[in-house]
Amino acid sequence: MKKTALLLSLILFVCCGITFSSCGCSKDTTSNFYDICVTYDETEKVLSGYETVTFKNDSENAFNELKFNLFGNAFRKDAKFKPILSGQDLTAYYNGESYGKMEVSAVEFDGEKIAYSIGGEDENILIVKLKDTLYPEESVTVKIYFSLHLANVLSRTGYNDKTVNLGNFYPVLCAVENGAFKECVYYAIGDPFYSEVADYKTSITVSSNLTVCSSGELINATEKGDKKTYSYTLKKARDFAFVLSSEFDLLTKTENGVTINYYYYNDLTPKDTLDISVKAIKTFSNAFINYPYKTYSLCQTGFIEGGMEYPCLSMISDALTDKAVIEEVAVHETAHQWWYSLVGNDEISHAFLDEGLTEYSVVLFYEKNPEYQVTRTELIGTAHKSYSTFCSIYDKIFGKKDTSMLRSLKEFSGSYEYVNIVYIKGALMFDYLRTAVGDTAFFNGLKKYATDYSYKIATPDSLVGVFEKIGANTNGFFKSWFNGEVIL
Ligand SMILES: [Zn+2]
């Protein structure tokens, strides 16, 4: 995600235009498979349908149940964990209070109904009881009938005047860690998601007036009466999302076999936004590892933060009006295609792994595309300033600050602390690392990290291990940044 707060704080510091803006689990779950079929009712604001999910047990444990995250349930009235920060709720719920929910009406195995329950800390987990124990290397397929009622909210999941955001719209298998399903609670700070890659086949039926922006590659479109059905496929992806709108214009460019789409309705320079997204795909493909999918879609939408990443799809807020900010958010979200999407991580426990490296990738982008006239020195200087201000404010308020990076989303006091530790300190860590080991080792390390952990889950130990393996001897360096000892 791109925090608007970060953008604003950084822009204030910039004078000329823009911006700065684990042992790794090695499970490669390409065998997990979702076949999702949904219909969107525009009048009721309800998405309903089913998914057939195949789960392969790659762990060393046996399972008697499967667990799925029901992210849509965070929007219900009595949710314990609200999806929107309290200071942002008036903006996000711009039409007043509104609620949503995710309901499961049946679960089937082999055509027969099987038992399930809704549990977790906040009715956020679907627990499906298996008829037979699932042993290692075995697979099971279940069919889940569900409906998602949308709130009127500028969030990842919800509808607004211009668009319908369908992020996290289906029951998502919890990631398996140490032989157990890891449940995600919907924290309002950060992106509270943790999932493993799977293959997807999806179809969505919508009113004919709606254009669908999707994570997948379109394989078929049919029209019946006033409805259209679009079918997509996507292999080895960490998630799948849609954004719907009757307002979208579309610009498209194909480069190196990748079709890059920009769906927009409120951008004075849409061609420039598309161009910078194309350059970002190219720059990061050269710097890290080739973008492996056939499409990438950036779509403008109603959203409370600057933007939000999903595999092969990024949301960018229609509230952004400054050209340089729109472009910087486009670069940030595109960098997430490498850090979060390809190289996955537990975004609840190790948010800096994707956000810090994504923010530093923005620095690399401007460095490698000098026509935008933003330098590394300028960007890192801005980050330093922002972080120093944060440190002195925290010293004054609390007498002592905690700058450790190894902490969960729930351990951050608020957005300001989260942005400074995760985004800004995270980005600074990568810049200091680069200075310490030199450009050759640094870029070799990032390439190796992207190569070794694509489609997998990386942890902080994975990152350290990669640089140790290339002989950079950085264990002490990372330790001092992770535990907050380093003084900047
Ligand atoms: Zn981000």
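**Reading burial, span and coordination in a predicted chain**

User: What share of the 488 residues in the protein chain is buried?

Analyst: Buried residues make up 61% of the 488 residues in the protein chain, and this figure, like the others discussed here, comes from a predicted model. A residue is counted as buried when its relative accessible area is under 20%.

User: Why is the radius of gyration said to agree with a compact globule?

Analyst: A compact globule of 488 residues would have a radius of gyration near 23 Å, and because the protein chain has 22 Å, the two agree. Along its principal axes, the C-alpha trace spans about 60 × 50 × 50 Å, and the accessible surface of the chain comes to about 18500 Å², with 50% of it belonging to carbon and sulfur atoms.

User: What makes the span of helix 3 close to expectation, and is this helix mostly covered or mostly exposed?

Analyst: Helix 3, residues 270-287, has 18 residues and reaches 26 Å from its first C-alpha to its last, which is close to the 26 Å expected at 1.5 Å a residue. With 13 of its 18 residues buried, helix 3 is mostly covered.

User: Why is Leu166 called buried, and where does this residue lie?

Analyst: Leu166 has a relative accessibility of 0%, so it counts as buried, the cut-off being under 20%. Its place is in strand 10, residues 163-166.

User: What makes Asn178 exposed or buried, and what is notable about its phi?

Analyst: The relative accessibility of Asn178 is 74%, and because the exposed class begins over 50%, Asn178 counts as exposed. Asn178 lies in the loop between strand 12 (175-177) and strand 13 (180-182), and its phi is near 50°, a positive value in a residue other than glycine.

User: How do you know whether Cys312 is buried or exposed, and what is its phi?

Analyst: Cys312 stands at 0% relative accessibility, which is under the 20% limit, and therefore counts as buried. Although Cys312 is not a glycine, it has a positive phi of about 60°, and it is found in the loop between strand 22 (307-310) and strand 23 (313-317).

User: Why is Thr451 called partly exposed?

Analyst: Thr451 has a relative accessible area of 47%, and because this falls between the limits of 20% and 50%, the residue is described as partly exposed. Thr451 lies in helix 8, residues 439-453, and its C-alpha is separated by 9.3 Å from that of Leu342, which is 109 residues away along the chain.

User: Why does Gly100 count as buried when its relative accessibility is 6%?

Analyst: The value of 6% is above zero, yet it is under the 20% limit, so Gly100 counts as buried. Gly100 lies in the loop between helix 2 (89-92) and strand 4 (101-109), and the C-alpha atoms of Gly100 and Gly158, 58 residues apart along the chain, are separated by 8.0 Å.

User: What makes Met1, His332, His336 and Glu355 protein donors of the zinc ion?

Analyst: A nitrogen, oxygen or sulfur atom qualifies as a donor to this metal when it lies within 2.8 Å. The atoms concerned are O of Met1, NE2 of His332, NE2 of His336 and two OE entries from Glu355, and they lie 2.0 to 2.7 Å from the zinc ion, so they satisfy that limit. Both Met1 and Glu355 are buried.

Key: Residues are numbered from 1 along each chain as its sequence is written. This is a predicted model: local features need pLDDT of at least 70, side-chain atom pairs count only at pLDDT 80 or more; totals for chains, interfaces and linings use all residues. Side-chain values use heavy atoms; hydrogens and water are left out. The radius of gyration is taken over C-alpha atoms; the globule rule is 2.2 Å times the number of residues to the power 0.38. Buried means under 20% relative accessible area, exposed over 50%, partly exposed in between (1.4 Å probe, protein chains only). Accessible areas come from the Shrake-Rupley method with a 1.4 Å probe; for residues, only the protein chains shown count as cover. Helices (H or I, at least four residues) and strands (E, at least two) are DSSP runs, numbered from the N terminus. The expected span of a helix is 1.5 Å times one less than its number of residues. Donors are N, O and S atoms within 2.8 Å of the metal (3.2 Å for Na, K and Ca); water is not among the atoms, so sites may look incomplete.
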